[in-house]
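Subject: Structure for your files

Hello,

Here is the structure I promised to pass on. Please open it alongside this message.

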Amino acid sequence: MQHKLLLSLSLAALLIAAPAFASPDTAPVQATVDGSAASTTAPADAPKDAAATEDNAMTKTDGDAQEMSAPEGHEAAAADDGGHHGPAIPQEEWSWEGPFGVFDRPQLQRGFQVYKQVCAACHGLSRVYFRNLSALGYNEAEIKSIAAETQVTDGPNDDGDMFERPGRPSDHFRSPFANDQAARAANGGALPPDLSLIVRARGDGTNYLHAILVGYEAAPEGFALNQNMHYNKYFPGHQIAMPQPLMEGSVTYEDGTTASIDQMSRDVTAFLTWASEPNMEKRKQVGLKVMLFMLVFAGLMYATKRKVWKDVH
Ligand code: HEC
């Protein structure tokens, strides 16, 4: 009987280790509760960007809100776990899925290019620091020059004035707008959320993000599309304030990959998935090591048990 007990104990230990493999999609992220997904990873003094995500994530509504006309109202629509209440989201295959899955570096770099050249016009990414880009395979000199492309407000200087200076690797990505009001004013009343944690803030975030980027089409006949809104077959309520961001050839890839809408969408989705969980690969590695250790340990314990009890029965 004893060895059964030991085995089940070891098994229990394995089960405890297993969550290390959970993907962000299955992790218990509370996107709908007051804070935003940020609360799972963010320090308590989380800066404004959490609020940006929250703005789109906070309201838990029933279907009606999706049909509301004001841009503010419909923002609430996407909150609930993606697929459940909104349209069904197609399930794609991603390189980083599964216990052994890893990000594809060239894809992350392409996705970063799409973010920088397209999305950054409206969306901030304030949880990502330029130095973090080393994980994408950029070297120090490249990171310095990428950072220097951005102007950052710093200060106050000795005269008490704020001033602009080129970005450094220790700076984080900035929002293109001075504040939320300016962002709304430029976007017909709707607030483009910070994208740092967007993949975690939406149910089935990776597939959802890809889906809305490729989900633009002409509104079906009879669909009452509000002013300044765009039809999207995967956005809950089908009306989104974001104009279709990706067009064929929106960017020119340095590695020669054809920049189709689908390709750019996959790439930027990979990049934003990395941004929302930069330590995923590390987490999986640790999980695997723990599992391995537990297995060896279980074997050792079993051998010990047999030896100790050999003469007893
Ligand atoms: C012209 C400005 C603009 C550009 C460029 C833009 N967006 Fe947006 N985006 C918006 C606005 C405005 C919203 C808010 C939409 C709403 O609430 O209806 C938004 C919302 C979003 C959302 C949240 C959807 C939800 O579930 O609430 C995601 C994700 C997103 N954008 C991703 C992207 C990505 C990725 C890119 C680059 C490929 C991009 N956006 C480019 C303006 C923009």
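Below are notes on one helix, its two packing partners and a glycine in the loop before it.

Please keep in mind that this is a predicted model.

Helix α10 and helix α5
Helix α10 covers residues 261-276. Helix α5 (residues 105-117) packs with α10 at about 100°, the axes being 7 Å apart. Because of that angle, α5 counts as roughly perpendicular to α10. On the α5 side the contact is formed by Gln107, Leu108, Arg110, Gly111, Phe112, Val114 and Tyr115. Their partners in α10 are Met264, Asp267, Val268, Ala270, Phe271 and Trp274. By type, this contact has nine nonpolar, two polar and two charged residues.

Helix α10 and helix α9
Helix α9 (residues 205-214) also meets α10: their axes cross at roughly 145° and come within 9 Å of each other. The crossing of α9 with α10 is right-handed. From α9, the residues involved are Thr206, Leu209, His210, Leu213 and Val214. From α10, they are Ile261, Asp262, Ser265, Arg266, Thr269, Leu272 and Thr273. This contact of α9 with α10 comprises five nonpolar, five polar and two charged residues.

The loop before α10
Glycine 249 lies in the loop that runs between β4 (239-240) and α10. Is glycine 249 buried or exposed? Glycine 249 has 12 C-beta neighbours inside 10 Å, so it counts as exposed. Its C-alpha is 7.5 Å from that of isoleucine 261, and the two are twelve residues apart in sequence. Isoleucine 261 is also one of the α10 residues that meet α9.

Regards

Notes:
Residues numbered from 1 in each chain as written. Predicted model: local features only at pLDDT ≥ 70, side-chain atom pairs only at ≥ 80, totals over all residues. Helix = DSSP H or I, 4+ residues; strand = E, 2+ residues; numbered from the N terminus. Buried ≥ 20, exposed ≤ 12 C-beta atoms within 10 Å, placed from the backbone. Axes fitted to C-alpha atoms, helices over the stretch in contact; angles between N-to-C directions. Parallel < 35°, antiparallel > 145°, perpendicular 65-115°, else oblique. Contact = placed C-beta atoms within 7 Å. Nonpolar A, V, L, I, M, F, W, Y, C, P; charged D, E, K, R; others polar. Left-handed = near helix turned anticlockwise from the far one by under 90°.
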